[in-house]
Amino acid sequence: MAKLELNIHLSYSQLCIYIPHLPAPLNDWSEKNLAQGYSWRPCSSSFRTLVDDGPHKINVFINEPYPPLTPQVVRHFKVHFETMDGLVSIASITDAIPIEVPAGSYLLQVEFLAPQQQAVPEVNVRFNKHQQEEKLPIN
């Protein structure tokens, strides 16, 4: 079960997750970023959504075991994410929702679920404490 369920209006085909006191928290997108579907830098990640614009339901999980990916997950990403004070924003270009997680280094997994007819698109956002043995490529 999700720790938090957020409703947010996503715009410009992106979901942004960043620490709120970061100067210029939204990322620029290069051609490479567009092709891979995300833009990453320390303390800020942006992910290309399945739906260009509109309301989305964001399910936030904190330090829960990663379940196996199901066929309902049509796009997913894992990136490093760190917050020194536990403050995080789940955002779009025009809207931001502040949340708190325990301070530390995380492996952030974002899962876009298959859009359902007449339903609000859903995204799972999973913050799991980073394990040293987990290696991820960095842009």
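Which residues form one aromatic cluster? In this predicted model, the cluster is formed by Tyr38, Phe47, Phe77 and Phe112. Under the criterion applied to ring centres, the count of aromatic pairs comes to 6. One of these pairs is made by phenylalanine 47 and phenylalanine 77, whose ring centres lie 5.4 Å from each other and whose planes meet at 40 degrees, so that the pair is classed as tilted, a class that lies between the limits of 30 degrees for stacked and 60 degrees for edge-to-face arrangements. Phenylalanine 47 belongs to strand E4 and phenylalanine 77 to strand E6, and the pair therefore ties together parts of the chain that are 30 residues apart in sequence. Both phenylalanine 47 and phenylalanine 77 are buried.

Aromatic rings also take part in contacts with charged side chains. The ring of phenylalanine 61 has the charged end of arginine 126 over it, at 4.1 Å from the ring centre. In the case of tyrosine 66, it is the charged end of lysine 78 that sits over the ring, with a distance of 4.7 Å from the centre.

A polar contact involves histidine 56, a residue of strand E5. A polar atom of the histidine 56 side chain lies 2.9 Å from the backbone oxygen of glycine 54. Histidine 56 has a relative accessible area of 2%, and because this value is under 20%, the residue is classed as buried.

Two residues that are not glycine nevertheless have a positive phi, namely cysteine 43, with a value of about 75 degrees, and asparagine 63, with a value of about 55 degrees. Cysteine 43 is placed in the loop between strand E3 (38–41) and strand E4 (44–48), whereas asparagine 63 is found in the loop that runs between strand E5 (54–62) and strand E6 (73–83). For asparagine 63 the relative accessible area is 35%, and the residue is therefore described as partly exposed, a class that covers values between 20% and 50%.

On the surface, Tyr12, Leu26 and Ile93 make a nonpolar patch of about 300 Å². Tyrosine 12, one of the residues of this patch, lies in the loop between strand E1 (4–10) and strand E2 (14–18). The relative accessible area of tyrosine 12 is 64%, and because this value is over 50%, tyrosine 12 is classed as exposed.

Methods:
Residues are numbered from 1 along each chain as its sequence is written. This is a predicted model: local features need pLDDT of at least 70, side-chain atom pairs count only at pLDDT 80 or more; totals for chains, interfaces and linings use all residues. Side-chain values use heavy atoms; hydrogens and water are left out. Patches are made of residues with over 30% relative accessible area and no salt bridge: like charges are joined within 9 Å, nonpolar side chains (Val, Leu, Ile, Met, Phe, Trp, Tyr) within 5 Å. Accessible areas come from the Shrake-Rupley method with a 1.4 Å probe; for residues, only the protein chains shown count as cover. A salt bridge is a side-chain nitrogen of Lys or Arg within 4 Å of a carboxyl oxygen of Asp or Glu. Helices (H or I, at least four residues) and strands (E, at least two) are DSSP runs, numbered from the N terminus. Buried means under 20% relative accessible area, exposed over 50%, partly exposed in between (1.4 Å probe, protein chains only). Rings of Phe, Tyr and Trp (its six-membered ring) pair if their centres lie within 6.5 Å; planes under 30 degrees apart count as stacked, over 60 as edge-to-face and the rest as tilted. A charge sits over a ring if NZ of Lys or CZ of Arg is within 6 Å of the ring centre and within 35 degrees of the ring normal. A polar contact is a pair of N or O atoms within 3.5 Å; within protein, one must be able to donate a hydrogen and the other to accept it, and residues adjacent in sequence count only if both atoms are side-chain atoms.
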